[in-house]
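Hello,

Here is the structure I promised to pass on to you. Please open it alongside this note, and I will walk you through what turned up.

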Amino acid sequence: MTDSAGPKAPDLTLGVAADSLSSGGTLLGRVGDDDVLLARAGDRLFAVGAHCTHYHGPLAEGLVVGDTVRCPLHHACFSLETGEALRAPALDPLACWRVERRGAMVFVREKSELPPVPRGSAGSSQHPSSIMVVGGGAAGLAAADMLRREGYEGPIVLVSADEDPPVDRPNLSKDYLAGEAPDDWIPMWPSDAYAQRHIELLLGSRVSSIDPGARTVLLENGSRRDFGALLIATGADPVRFPIPGADSMQVFYLRSFADSRAIVERARTAKHVVVVGASFIGLEVSAALRTRGVAVDVVAPEHVPLERIMGTEVGRFVQSLHAAHGVVFHLGETVTSVAGRTVALSGGGTVDADFVVMGVGVRPATAIAERSGLAVDRGIAVNEFLETSSPGIFAAGDVARWPDPHTGERIRVEHWVVAERQGQVAARNMLGRRERFDAVPFFWSQHYDVTIRYVGHAERWDTVTVSGSLDARDASVSFMRGGRKLAVATVSRDRENLQVELELEQATASQF
């Protein structure tokens with residue numbers, strides 16, 4: 001992908017022919033030292049920053065939809081008119097430049113220095129007196145961010161069980177764990193941003209229970225807090241099961257920044273690690289440790305990694321990637337015990353290891369909801385507006401099970417982008433909107449130099465179609481049921497993944 005416009009890119013201040021761009025077309029150019037994207041939507045032309053504010057993705061390789069542009073890396077969506085980040089994972093706006101049209105030519109002029117103005121929700125006088133967000137992950141931070149962007153001026157309290165402020169959690173099992181991202185990349189916001197946005201951040205704090213009728217929350221330290229509206233964004237906790245003989249210094253889980261730091265510290269002197277579980281987390285941890293030069297054995301009960309989620313074809317492809325990097329698989333087995341450095345397997349073999357990382361899945365953190373009398377169904381049950389069985393209390397992220405309009409089923413997914421987008425929708429609905437959550441699920445998984453992007457949701461399918469070649473690292477894999485496309489996984493076809501997202505959105509919209 002293109003990282004920079006480069007010296008040969010056109011100087012947009014000198015003008016380009018207006019008819020050189022058709023509707024939906026883009027041109028990557030320069031304005032002074034800035035890379036700028038010139039985009040056309042119908043008869044209108046816009047100039048915005050050329051790189052996504054999330055991971056610096058090249059928007060020139062993205063997709064223009066109406067008066068918006070979508071990033072090819074992780075599907076962030078921006079307004080071409082204002083630069084505002086409309087949909088996560090990007091939270092910060094793009095810079096904008098004034099566009100002037102003279103006859104058949106278009107010129108890009110000065111940069112706008114004004115940030116998007118908070119919109120302010122209709123009926124602001126009826127906004128909640130205060131809002132509490134329980135959970136410092138993707139959904140919680142995105143909700144707090146959106147509340148302020150929507151013009152909410154009341155108190156916001158964000159309660160997090162973590163000792164660290166909200167972090168870019170996908171990086172914990174990817175670049176950070178591999179030693180390719182420094183510590184200061186990981187926080188979602190600078191440390192002073194919470195005070196600047198008047199958000200009270202309670203770290204290392206847990207909610208014991210919620211009293212929906214009294215509109216109060218009881219913290220584990222015994223204190224009570226009132227709220228006008230509340231969002232539960234407690235996410236999911238790693239599945240933990242005891243391994244006979246293993247002590248706490250030998251077994252690691254990965255969910256928080258502290259967890260990732262602990263693994264990094266142990267990996268500095270480790271030679272050999274056993275990863276239990278061939279989940280996305282388990283395999284991403286394996287890739288990160290191999291990047292550090294640590295030998296890795298993966299032990300998992302399934303016979304093909306990721307087969308239940310991505311099918312046999314993708315599962316075998318991912319397994320081959322890891323095997324090519326030296327990962328040794330023990331599939332169809334489990335760990336039965338640990339004695340010193342010796343890890344015993346159910347098949348009778350043993351593996352020497354400095355430590356063990358568990359990646360056997362997660363469970364939604366529903367305990368608070370259960371104690372508080374909220375409806376729970378393999379997650380916190382919410383309606384299409386992400387509201388729980390108690391009015392004024394919402395749930396979002398890994399913990400929420402919602403009615404998905406694309407599959408017609410109630411689903412719960414553990415995707416970072418979905419969690420952030422749910423947090424954004426829940427925030428608007430806490431302010432009186434009645435906005436349905438209808439985003440198409442999306443996630444990405446990184447394995448060495450290969451990134452798999454997956455859009456849609458398919459828990460069951462009857463047909464898998466591969467276009468291109470996975471072995472050549474250029475493919476799209478479609479998951480179908482009853483002739484209907486439910487989801488697509490792509491490798492090196494990022495724009496196609498965006499087009500599938502739009503296709504699934506339009507297919508659902510046509511049903512209403």
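In the hairpin formed by β15 and β16, four residues sit between the strands, and glycine 222 takes a positive phi near 95°. Please keep in mind as you look around that this is a predicted model. The two strands of that hairpin, β15 and β16 (residues 224-226), run antiparallel and are joined over three bridges. If you want a pair to click on, valine 217 has arginine 225 in β16 as its bridge partner.

Strand β15 (residues 216-219) also pairs with β14 (residues 207-211), again in the antiparallel sense, over four bridges. Here serine 209 stands opposite leucine 218 of β15. The hairpin of β14 and β15 has four residues between its strands, and arginine 215 takes a positive phi near 55° in it.

Further along the chain there is an open sheet of three strands, in the order β28-β30-β31 and with mixed pairing. Its edge strands are β28 (380-381) and β31 (409-411), each of which pairs on one side only. Strand β30 (residues 400-404) meets β31 in the antiparallel sense over three bridges, and proline 403 has arginine 410 of β31 as its bridge partner.

Now for the interior. The largest nonpolar core counts 65 residues, and Ile210, Leu230 and Leu231 have the most contacts inside it. Helix α8 (residues 416-430) gives the most to this core, namely eight residues. Leucine 231 is a good place to zoom in: leaving aside residues up to four places away in sequence, its contacts include Met132, Val134, Phe394, Ala426 and Met430. Another core lies apart from that one, with 51 residues, including Leu177, Val264, Val275 and Val357.

Which residues of helix α4 are buried? In this helix (residues 257-267) they are Phe257, Ser260, Ile263, Val264 and Ala267. Seen down the axis of α4, these buried residues fall within an arc of 125°, so they line one face of the helix. What do they pack against? Their partners are α2 (175-178), β19 (251-253), α5 (280-291) and β26 (355-358).

Happy browsing, and do write back with any questions.

Best wishes

Key. Residues numbered from 1 in each chain as written. Predicted model: local features only at pLDDT ≥ 70, side-chain atom pairs only at ≥ 80, totals over all residues. Heavy atoms only, no water. Pairing = 2+ DSSP bridges. Core = buried A, V, L, I, M, F, W, Y, C linked by side-chain atoms within 4.5 Å. Buried < 20%, exposed > 50% of the residue type's maximum accessible area, 1.4 Å probe, protein only. Contact = heavy atoms within 4.5 Å. Arc of directions from axis to C-beta.
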